[in-house]
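Reader: Could you walk me through the helix packing here, and then the enclosed spaces?

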Amino acid sequence: MVTRRKFILVKQFDHAPKESDLKIVEEKLPSLKKGEFLCEAVYLSVDPYMRAYIHKLPVGSPMNGRQVARIVESKSDEFQIGKYVVGNFDWQTHTVSSKGGVGSPYIVPNLGDLPLSLSLGVLGMPGNTAYFSFVNICKPKAGETIVVSGAAGAVGNIVGQVAKMKGCKVIGITGSDQKGKYLTETLGFDSYVNYKLGYFEEELKKAAPLGIDCYFDNVAGEISVTVMKHMNMFGRICNCGSISSYNTDVNHPPKVSPVQLYMLLKQLFMEGFQASQYVDRIFESMNQHMLWIQEGKLKYIETITEGFENTGKAFIEMLEGKNLGKAIVKV
Ligand SMILES: NC(=O)c1ccc[n+]([C@@H]2O[C@H](COP(=O)([O-])OP(=O)(O)OC[C@H]3O[C@@H](n4cnc5c(N)ncnc54)[C@H](OP(=O)(O)O)[C@@H]3O)[C@@H](O)[C@H]2O)c1
C-alpha cells in the first residue's frame, strides 16, 4: 500500500503566507480499480492564484496546484506505466486518477530535448495564458509600445517576447534591476522599469515617450493606475492578474486611485482573461511555443526549488518576487 505525503492548510493566511500555515500529512492510498493509474509527482507548480483563491478554502483543505507526475502503476489502457502526466493533483507526492478523473490529467507529449518541467510553465498553464490572452485582447500592431507588468515572471516574460515577435517596443515592469537586466539583455525587451524604486512614473515616461498603446496587467494597484495614465487614445488593456492585492484581506482590499478618468478620456478598452476557459486548448499553445523555442524565437526561464518539503517555501518566495520565470518545485 502506497503512503502519500500532502500539504494541507492549517491556518488561514493572514496577509503574506507563512510556512507554519501549512503542514504535511500522510495518507494510505487504496489499491487501483479498473481504469485507474497511480502517479508519483516529479515537479510541482507554485502559482499566485493559490494565494488569491485561498480564502475560499476551509482549514484542512489540500493546497491546490498542478504537477507533472510519472505513472508508476496502472490499470488503464491509455495511461500506461512510465508515461508522464500533467494534472491538477494538489501539492502531494502520489495521486490516483483515471481518464477524465481526479485533476483532469493529460499525457505529456514527446518534448524532445526540452525539460519536462516546462509542462508547468511555457508549455503549460502560464504559457496557455500568455498565448490566448495577449494577442486576442491587446491586438498589438508593429511599432506600438507595449507595457507588461510582472514582466519577469512566468506569464509576463512570454508576453513580452511575443510582443517583440510582433514588432512592438516592449517595456517590462519588474521589482529588481537584476530581473530587469535579464529582460533587456537576454529576452530582448527594449527597456524595463523597476517599480520598487521611488521614481516609477518618471522612469515609465522616459521609457515610453510616445505613450503606451497596450498594457498587459499582471499586478493591478497603483502601478497599473500609473500605466493607464500614460496610455494613448484607444489603448488596450489585458487584465490578467492583480498580484499586488493578493496578500491583503479580501474584506478590506487596497484602495487605489480611480482609473475611470483615464479610461474615458483615452477611450481605453480593458478585458479580463480567465485561463480556465482555454484548458482544452493546451496543445495549441504547447505546439506553437515548442516551435518558437526550437526556432530560437522564444526563450524559457525557470526558478527551481529542490524538495517536496520546500513547496511552501517556494510558494512564499514566488509571492515575494524571488523567482525569475516560472517557479517550480522538483520533488
Ligand atoms: N487570468 C488568468 O487566467 C491567469 C493565469 C495565470 C496567471 N495569472 C496571473 O498573472 C500574474 C502573474 O502570474 P505568474 O504565474 O506569471 O507569476 P509570476 O509573475 O511568475 O510570479 C509572481 C511575481 O509577481 C511579482 N509581484 C509580487 N508581488 C507584487 C506586487 N505587490 N506588485 C507587483 N508585482 C508583484 C513578483 O515579481 P517582481 O519581482 O517583479 O515584483 C513575482 O515574481 C498573477 O497575477 C497571476 O494571478 C492569471
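Helix packing and cavities

Author: In this predicted model, helices H2 and H3 are oblique to each other, since they pack at an angle of about 45°, and angles that are not under 35 degrees, over 145 or from 65 to 115 count as oblique.

Reader: How far apart are the axes of H2 and H3, and which residues do the two helices span?

Author: The axes are 9 Å apart, with H2 covering residues 125-138 and H3 covering residues 154-165.

Reader: And is the crossing left-handed or right-handed?

Author: H2 passes H3 in a right-handed crossing.

Reader: Which residues meet there?

Author: From H2 come Pro 126, Gly 127, Thr 129, Ala 130, Phe 134 and Val 135, and they meet Ala 154, Val 155, Ile 158, Val 159, Val 162 and Ala 163 of H3. By class, this contact of H2 with H3 has 10 nonpolar residues, 2 polar ones and no charged ones.

Reader: Switching topic, how many cavities of 30 Å³ or more are there?

Author: The count is 2; the largest cavity holds about 70 Å³ of space, while the second largest has a volume of about 40 Å³.

Reader: What lines the largest cavity?

Author: Its lining includes Ala 154, Asn 157, Ile 158, Lys 299, Glu 302 and Lys 326, and H3 gives the largest share of that lining, with 3 residues. The lining of the largest cavity divides into 6 nonpolar, 2 polar and 3 charged residues.

Reader: And the second largest cavity, what is its lining?

Author: Among the residues lining the second largest cavity are Asp 47, Arg 66, Tyr 106, Met 125 and Pro 126, and by class that lining has 5 nonpolar, 3 polar and 2 charged residues.

Note on methods:
Residues are numbered from 1 along each chain as its sequence is written. This is a predicted model: local features need pLDDT of at least 70, side-chain atom pairs count only at pLDDT 80 or more; totals for chains, interfaces and linings use all residues. Side-chain values use heavy atoms; hydrogens and water are left out. Axes are lines fitted to C-alpha atoms, for helices over the stretch in contact, and angles run from 0 to 180 degrees between N-to-C directions. Helices (H or I, at least four residues) and strands (E, at least two) are DSSP runs, numbered from the N terminus. A crossing is left-handed if the near helix is turned anticlockwise from the far one by less than a right angle, and right-handed if clockwise. Contact means heavy atoms within 4.5 Å. Ala, Val, Leu, Ile, Met, Phe, Trp, Tyr, Cys and Pro count as nonpolar, Asp, Glu, Lys and Arg as charged, and the others, Gly among them, as polar. On a 1 Å grid over the protein atoms alone, a cavity is a set of points where a 1.4 Å probe fits but cannot get out, and a pocket is an open set with protein on both sides within 12 Å along at least five of seven lines; lining residues have an atom within 4 Å of a point. Grid points are joined across faces, edges and corners, and a volume is the space filled by probe spheres set on the points.
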